[in-house]
Amino acid sequence: MPSEVAVEKKKLQNPPLELHYLGDRVLRQGAKRVTKVDEEIRKLAREMLQTMYSQDGIGLAAPQVGIHKQVIVIDLEPDNAANSPLVLINPTIKQVSRDICVAQEGCLSIPGVYMDVKRPEVVEISYKDEYGRPKTLKASDLLGRCIQHEIDHLNGVVFVDRVENSLALAQELSKYGFSYQAVKSVV
């Protein structure tokens, strides 16, 4: 079944949704579960994808565009037209590995800032797809990290909240015009 949310992978002059940036209160509010997966949710996913592609992103959570619904879009291959994006509705982490890995993360809501973050190497989630069908997924590497990063957004957590080196983080945020006061450490 072809995806209902497939959009052309291109940069738009005026993406349909507006990104919110670190310091904006909307990024700190928890998202609500989607009760009905319908055309409105698919339209949201399409607009989120268009916005994400326009900003050279690989993942976007609805709170980043000011919408407090548990919807995430991910596309690790934005330059590959044959690769379908992933739409996660009401994703829940079921299990994480004991193995931890450190890798650099960035975020469309904090442009320019890239910092090391520790996360479980493997994550298993349950979610609904764009048709409302229940699914499970076990992910590692970049996909696993991206899923955990975006699920954090649904809970009002931004990746800089997980950075352990606060001095380096403060310097990096300042360099790009963000306030360290906007960080709410969870480490």
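Trainee: Which element supplies the largest share of the lining of the largest pocket?

Mentor: In this predicted model, the largest share comes from helix H2, which gives five residues to the lining. Strand E4 (100-105) and H2 each supply at least two residues of that lining. The lining is made up of 19 residues, and Ile58, Glu105, Gly106, Cys107 and Tyr114 are those nearest the centre of the pocket, whose volume is about 360 Å³.

Trainee: How do the residues of this lining divide into nonpolar, polar and charged?

Mentor: Eight of the lining residues are nonpolar, seven are polar and four are charged. When you sort them yourself, remember that Gly is placed among the polar residues and Tyr and Cys among the nonpolar ones.

Trainee: How do you know that the span of helix H2 agrees with its number of residues?

Mentor: The helix covers residues 141-154, and at 1.5 Å a residue its 14 residues should span 20 Å; the C-alpha atoms at its ends are 21 Å apart, so the two values agree. The expected span is 1.5 Å times one less than the number of residues.

Trainee: What makes H2 a mostly covered helix?

Mentor: Eleven of its 14 residues are buried, among them Gly144, Cys146, His149 and Leu154. Just after the helix comes Gly156, with a positive phi near 75°.

Trainee: Why is Gln148 called buried or exposed?

Mentor: The cut-off for buried is under 20% relative accessible area, and Gln148 has a relative accessibility of 5%, so it counts as buried. Gln148 is part of helix H2, and its side chain reaches the backbone oxygen of Pro120 at 3.0 Å, which is within the 3.5 Å allowed for a polar contact. Not counting residues up to four places away in sequence, Gln148 touches Arg119, Pro120 and Val123.

Trainee: And is Asp141 buried or exposed?

Mentor: Exposed means over 50%, and Asp141 has a relative accessible area of 62%, so it is called exposed. Asp141 also belongs to helix H2, and although it is not a glycine, its phi is positive, about 55°.

Trainee: What can be said in the same way about Asn90, buried or exposed?

Mentor: Asn90 has a relative accessible area of 5%, and therefore it is buried, given the limit of under 20%. Asn90 lies in strand E3 and, although not a glycine, has a positive phi of about 50°.

Trainee: Why is Asp75 called buried or exposed?

Mentor: Its relative accessibility is 0%, so Asp75 counts as buried. Asp75 sits in the loop that runs between strand E2 (71-74) and strand E3 (86-96), and its side chain reaches the backbone nitrogen of Glu77 at 2.9 Å, again within the 3.5 Å limit. Leaving aside neighbours within four places in sequence, Asp75 is in contact with residues including Lys9, Met52, Tyr53 and Ile58.

Trainee: How do you know that the span of helix H1 agrees with its number of residues?

Mentor: At 1.5 Å a residue, the 16 residues of H1 (residues 39-54) should span 22 Å, and the end C-alpha atoms are 22 Å apart, so they agree.

Trainee: What covers the buried residues of H1?

Mentor: The cover includes strand E1 (59-61), E2 and E3, and the buried residues of H1 include Ile41, Leu44, Met48 and Met52. At the start of H1, a side-chain oxygen of Asp38 comes to within 3.2 Å of the backbone nitrogen of Glu40, while just after the helix Asp56 has a positive phi of about 60°.

Terms used. Residues are numbered from 1 along each chain as its sequence is written. This is a predicted model: local features need pLDDT of at least 70, side-chain atom pairs count only at pLDDT 80 or more; totals for chains, interfaces and linings use all residues. Side-chain values use heavy atoms; hydrogens and water are left out. Helices (H or I, at least four residues) and strands (E, at least two) are DSSP runs, numbered from the N terminus. Buried means under 20% relative accessible area, exposed over 50%, partly exposed in between (1.4 Å probe, protein chains only). A polar contact is a pair of N or O atoms within 3.5 Å; within protein, one must be able to donate a hydrogen and the other to accept it, and residues adjacent in sequence count only if both atoms are side-chain atoms. Contact means heavy atoms within 4.5 Å. On a 1 Å grid over the protein atoms alone, a cavity is a set of points where a 1.4 Å probe fits but cannot get out, and a pocket is an open set with protein on both sides within 12 Å along at least five of seven lines; lining residues have an atom within 4 Å of a point. Grid points are joined across faces, edges and corners, and a volume is the space filled by probe spheres set on the points.
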